[in-house]
Amino acid sequence: MTRRLYIILIAILIIATACSDNNVHNGTHIVGSQLPNLHAEFAEDTRTYIEEGNHLRWHEGDLITVFYGNTLNQKYMFDGQTGDNSGTFSHIVDGSLGTGNPLNHIYAIYPYNKRIKIDDINQEITITIPDTQPYETNSFGKGANIMIAKTANTSIRFLSFKNCCGYIKLQLYGPTTVSRIELRGNNNETLTGVASIYVAEDGIPHMNVVNGVSTITITCDRGIELNSSAESPTEFWFTVPPTTFKSGISVTIYDTNGNSYTQSTTNEIDI
């Protein structure tokens, strides 16, 4: 029964590409007169979500990393309400004033992480993509959707965020409770780990994962009980860096009873 169930689940795999015009945050401004040297912990509560029509929304208290005309990693917090698609970010002062190597632009990266760095020579950003993503109802998990903004110069305080990644969406149904789902490319394409991002003059980010692993896992801490109807399946969203899966992908679903099943595609998939 379990084996038959999982064949039905994988049969309705949906591939969704990203970086459409709908996936841009408009009207986001930075405020704050000081440029403090940052001393802050990793932001556990950063998150955005996606609603019907693939429109992204902010959550109250979302945090971003900002390189405000220099190479110092600084923290800013969203002042708006959950559900807003634009608003103001305020400077979180934490530590003493300091100086970094100068940049000709302001860069902002979601989600915030104090370990994000930027090279002042090539202006490439180094970021770590985690190999696990928490489950979120009808959306990607908090902090999974990496976004970046770059201004034309340091006097402009308007940020236009663009996605760095794409999505693979699974729609599952049946009488089982899912504990986790693993995704990998059949050619073992690198999907997570250390990545470099370069933002072109047109604001389009280009990401390259330079060192990492070939698996992304959606974790469901308490288990997700699937809907039983094909008309209203349960959705699971993977956020995936730009990748061409030349030999397709494989998905392994684990349930809370210790059962698992792996199904593969063989067609080329371009994210």
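This is a guided tour of a predicted model, given as a series of selections.

**Whole chain**

Start with the whole protein in cartoon view. The protein has 271 residues, and 49% of them are buried. Its secondary structure consists of one helix and 23 strands. Switch on a surface: the accessible area is about 12700 Å², and carbon and sulfur atoms account for 44% of that area. Of the contacts with a separation of 6 or more, 72% are between residues 24 or more positions apart.

**The open sheet**

Select strands S9, S10, S16 and S17. Together these four strands form an open sheet, in the order S9-S10-S16-S17, with antiparallel pairing. The edges are S9 (117–118) and S17 (205–213), each of which pairs on one side only. Now restrict the view to S9 and S10 (residues 125–129). These two strands run antiparallel and are joined by two bridges. To find one end of a bridge, pick Lys-117; its bridge partner in S10 is Thr-126. In general, strands of a sheet pair through backbone hydrogen bonds, either parallel or antiparallel.

**The nonpolar cores**

Next, hide the sheet and show side chains. The largest nonpolar core has 22 residues. Select Ile-168, Ile-181, Phe-236, Phe-238, Val-240 and Phe-245, the residues with the most contacts inside this core. Colour the strands that feed this core: S14, S15 (177–185), S18 (215–225), S19 and S21 (249–255) each supply at least two residues. Which strand gives the largest share of this core? S18 does, with four residues.

Apart from this core lies another one, of 18 residues. To locate this other core, select some of its members, including Leu-103, Ile-125, Cys-164 and Val-209.

**Aromatic pairs**

The structure holds four aromatic pairs. Begin with Tyr-135 and Phe-236, whose rings are 5.1 Å apart, centre to centre, with 50° between the planes, a tilted arrangement. What does this pair tie together? Tyr-135 lies in the loop between S11 (132–134) and S12 (147–150), while Phe-236 lies in S19 (residues 234–240), so the pair ties together parts that are 101 residues apart in sequence. Both Tyr-135 and Phe-236 are buried, and Phe-236 is also among the residues with the most contacts inside the largest core.

Then move to Phe-140 and Tyr-167. This pair is stacked, at 5.3 Å centre to centre and 20° between the planes. Phe-140 belongs to the loop between S11 and S12, and Tyr-167 to S14 (residues 166–172); the pair links distant parts of the chain, 27 residues apart. Both Phe-140 and Tyr-167 are buried. Add Trp-237 to the selection: Phe-140, Tyr-167 and Trp-237 form one aromatic cluster.

**A charge over a ring**

Select Arg-180 and Tyr-254. Arg-180 lies over the face of Tyr-254, 3.6 Å from the ring centre.

**Last stop: Glu-225**

Finish on strand S18, where Glu-225 is found. Is Glu-225 buried or exposed? Its relative accessibility is 64%, so Glu-225 counts as exposed. Leaving aside residues up to four places away in sequence, Glu-225 touches Thr-176, Thr-177 and Thr-234. Measure from C-alpha to C-alpha between Glu-225 and Thr-177: the two are 4.1 Å apart in space and 48 residues apart in sequence.

Terms used
Residues numbered from 1 in each chain as written. Predicted model: local features only at pLDDT ≥ 70, side-chain atom pairs only at ≥ 80, totals over all residues. Heavy atoms only, no water. Phe/Tyr/Trp six-rings, centres within 6.5 Å; stacked < 30°, edge-to-face > 60°. Buried < 20%, exposed > 50% of the residue type's maximum accessible area, 1.4 Å probe, protein only. Lys NZ or Arg CZ within 6 Å of the ring centre and 35° of its normal. Core = buried A, V, L, I, M, F, W, Y, C linked by side-chain atoms within 4.5 Å. Contact = heavy atoms within 4.5 Å. Areas by Shrake-Rupley, 256 points an atom, 1.4 Å probe, with all protein chains shown as cover. Pairing = 2+ DSSP bridges.
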